[in-house]
Every structure is written in structure tokens, then in C-alpha cells.
Amino acid sequence: MDRSSDAQIVERVLRGEAELYAELVERYRDRYARYALHMLGNREDAEEALQDAFTRAYRSLARCEDPERFGAWLFRILVNRCRTVGARRGRRSRTFVSDDLALHEAAEEHPAERSAWREEIERALSQLRPEQREAFLLKYVEELGYDEMSRLTGAGVSALKMRVMRACDRLRELLSDVRSDREVREERGRPEVNDARQA
């Protein structure tokens with residue numbers, strides 16, 4: 001792996017060492033692929049958005065104003081590509097993630113995400129409105145500040161705070177439904193056990 005900074009690689013790519021762009025792809029591919037998958041809920045759409053973002057970034061590399069922040073610049077392109085892909089394929093109204101295998105594989109990179117509870121969180125996340133899911137992921141998965149989120153999305157800080165708050169409220173509601181369902185199932189199971197003991 002090349003230890004050069006992003007800015008150094010960008011400079012060398014612009015000087016003609018095009019093959020070094022692969023190093024930038026390597027650095028950001030996995031993390032950004034997870035974001036795209038969470039946003040779009042479908043491996044094919046996520047791959048399309050990611051490839052498109054890398055391609056557009058390469059073609060526009062000379063317009064990257066701060067090469068030291070190449071990752072943030074690329075991420076901004078990816079956010080826009082996710083929006084475009086989601087809108088074009090009419091999946092904004094999706095209520096469930098359709099590619100469970102893709103989500104499972106994405107989760108495999110994080111051992112903590114392997115639990116059933118984590119899967120419920122993923123499912124709840126997929127039910128958020130796209131702008132709420134985007135704000136939530138940027139805030140709590142990408143750990144961006146509101147100012148940076150605002151630069152990425154073009155939305156105002158107040159609007160973003162509202163989206164995150166509504167996303168949290170909705171997730172709380174969805175996850176409490178899951179918890180209630182589990183408790184009901186457990187409650188239903190108890191009498192059967194008791195009945196069996198009494199029999």
C-alpha cells in the first residue's frame with residue numbers, strides 16, 4: 001500500500017500516473033460501499049452509485065480544490081450519485097431492504113453487526129425516508145459534523161438537525177415495535193411452558 005497522502009497521489013495522477021488512482025479507490029471503496037448500500041438498500045444500485053462516483057471523481061480530479069480532503073470531496077459525489085440512482089429507479093418509497101444477502105455480507109465486516117438485533121436496526125433504517133436516512137447515516141455512521149453535512153448535502157444545518165431528530169424518533173418507534181413484538185412472542189410462549197409443566 002502506498003503511504004503517500006491523498007494530495008500527493010492526486011498530484012501524481014494529474015501528472016500522468018493514472019494507475020495510482022487505484023490506490024485512492026482502495027482507500028475509500030469499502031467504507032463508501034457500506035454507505036451506498038445502507039442508503040440504497042440494494043447491492044446492484046450501491047455498486048452503480050459507487051462506480052459512478054469513482055469515475056466522475058477521476059474525470060473531475062483537476063477540479064478537486066483541496067486534494068488533501070479528497071475523501072470528503074469523493075464522498076460528496078457519492079452522496080449525490082446515491083440520490084440520483086435512488087430517484088431514477090423509483091426506490092424512494094421502498095420500505096424494506098431487498099438485498100438481505102448484501103446487507104448480511106456488509107455487516108460481516110463488523111462483528112458487532114452480526115446479531116439479530118443489529119439486523120432489526122438495519123431493517124428499521126431502511127424504512128426511514130431517504131433524506132432522514134441520509135442525515136442519520138452521515139451523522140452517526142460517517143460521524144460528520146452538521147457543518148460538513150451541510151456542505152455535502154446542500155441542506156441547512158437546522159434542516160439537517162431536524163432530519164436527524166426525526167430519524168432518531170422514527171427508529172426509536174420502529175425498534176420499540178420490534179421489541180414489543182418480541183415481548184409478546186415471549187409472553188405467548190410462557191403459558192405454553194407453564195401449561196406443559198402442569199400437564
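1. Thr84 is placed in helix α4. With a relative accessibility of 30%, Thr84 counts as partly exposed, since the partly exposed class lies between the 20% and 50% limits. The C-alpha atoms of Thr84 and Ala49 are 8.3 Å apart, although 35 residues separate the two in sequence. The model under discussion is a predicted one.

2. Arg81 also belongs to helix α4. Is Arg81 buried or exposed? At 11% relative accessibility, Arg81 counts as buried. Between Arg81 and Ala49 there are 5.3 Å from C-alpha to C-alpha, with a separation of 32 residues in sequence. When neighbours within four places in sequence are left aside, the contacts of Arg81 are Ala49, Asp52, Ala53, Arg56 and Arg88.

3. Several of these partners of Arg81 point to helix α3, which spans residues 43–59. The buried residues of α3 are Asp45, Ala46, Ala49, Leu50, Asp52, Ala53, Phe54 and Ala57; Ala49, Asp52 and Ala53 are thus among the buried residues of α3 and among the contacts of Arg81. Which helices do the buried residues of α3 pack against? They pack against α2 and α4. The length of α3 can be checked as well: its 17 residues, at 1.5 Å a residue, should span 24 Å, and the C-alpha atoms at its ends are 24 Å apart, so the two values agree.

4. The overall fold may now be set out. The protein chain contains nine helices and zero strands, and its pattern along the sequence is α-α-α-α-α-α-α-α-α. It has 199 residues, of which 40% count as buried. If contacts are limited to residues at least 6 apart in sequence, 66% of them join residues at least 24 apart. The accessible surface of the chain is about 11,800 Å², and carbon and sulfur atoms account for 46% of that surface.

5. The nonpolar interior deserves a separate point. In soluble globular proteins, nonpolar side chains tend to be buried together. In this model the largest nonpolar core has 49 residues, and those with the most contacts inside it are Tyr35, Phe70, Phe75 and Leu78. Which helices each supply at least two residues of this core? They are α1 (6–14), α2, α3 (43–59), α4, α6 (116–126), α7 (130–141), α8 (146–153) and α9 (157–198).

6. Aromatic rings form a further theme. The structure holds eight aromatic pairs. One of them joins Tyr32 and Phe75; this pair is tilted, with 5.0 Å from centre to centre and 45° between the planes. Why does the pair tie together parts that are 43 residues apart in sequence? The reason is that Tyr32 lies in helix α2 (residues 21–40), whereas Phe75 lies in helix α4 (residues 70–88). Tyr32 counts as buried at 4% relative accessibility, and Phe75 likewise counts as buried at 4%. Ring pairs also link Tyr21, Tyr28, Tyr32, Tyr35, Tyr58, Phe70, Trp73 and Phe75 into a cluster.

7. Phe75 recurs in the points above: it is listed among the core residues with the most contacts and is a member of the ring cluster. Which residues does Phe75 contact, leaving aside its neighbours within four places in sequence? They are Tyr32, Tyr35, Leu138, Glu142, Leu144 and Leu152. Of these, Leu138 falls within the range of α7 (130–141) and Leu152 within that of α8 (146–153).

8. The loop between α7 and α8 contains Glu143. Phi of Glu143 is near 55°, a positive value in a residue other than glycine. A reader may wish to know whether this residue is sheltered. Is Glu143 buried or exposed? At 66% relative accessibility, Glu143 counts as exposed.

9. One interaction between a charge and a ring should be noted. The charged end of Lys161 sits over the ring of Tyr146, at 5.5 Å from the ring centre. Tyr146 falls within the range of α8 (146–153), and Lys161 within that of α9 (157–198).

10. The last point concerns the beginning of the chain. Ser4 is found in the segment before α1 and is buried, with a relative accessible area of 16%. Not counting residues up to four places away in sequence, Ser4 touches Ile9, Arg12 and Arg27. Ser4 and Glu23 lie 19 residues apart in sequence, and their C-alpha atoms are 9.6 Å apart in space.

Definitions and conventions: Residues numbered from 1 in each chain as written. Predicted model: local features only at pLDDT ≥ 70, side-chain atom pairs only at ≥ 80, totals over all residues. Heavy atoms only, no water. Helix = DSSP H or I, 4+ residues; strand = E, 2+ residues; numbered from the N terminus. Buried < 20%, exposed > 50% of the residue type's maximum accessible area, 1.4 Å probe, protein only. Contact = heavy atoms within 4.5 Å. Areas by Shrake-Rupley, 256 points an atom, 1.4 Å probe, with all protein chains shown as cover. Phe/Tyr/Trp six-rings, centres within 6.5 Å; stacked < 30°, edge-to-face > 60°. Lys NZ or Arg CZ within 6 Å of the ring centre and 35° of its normal. Core = buried A, V, L, I, M, F, W, Y, C linked by side-chain atoms within 4.5 Å. Expected span 1.5 Å × (residues − 1).
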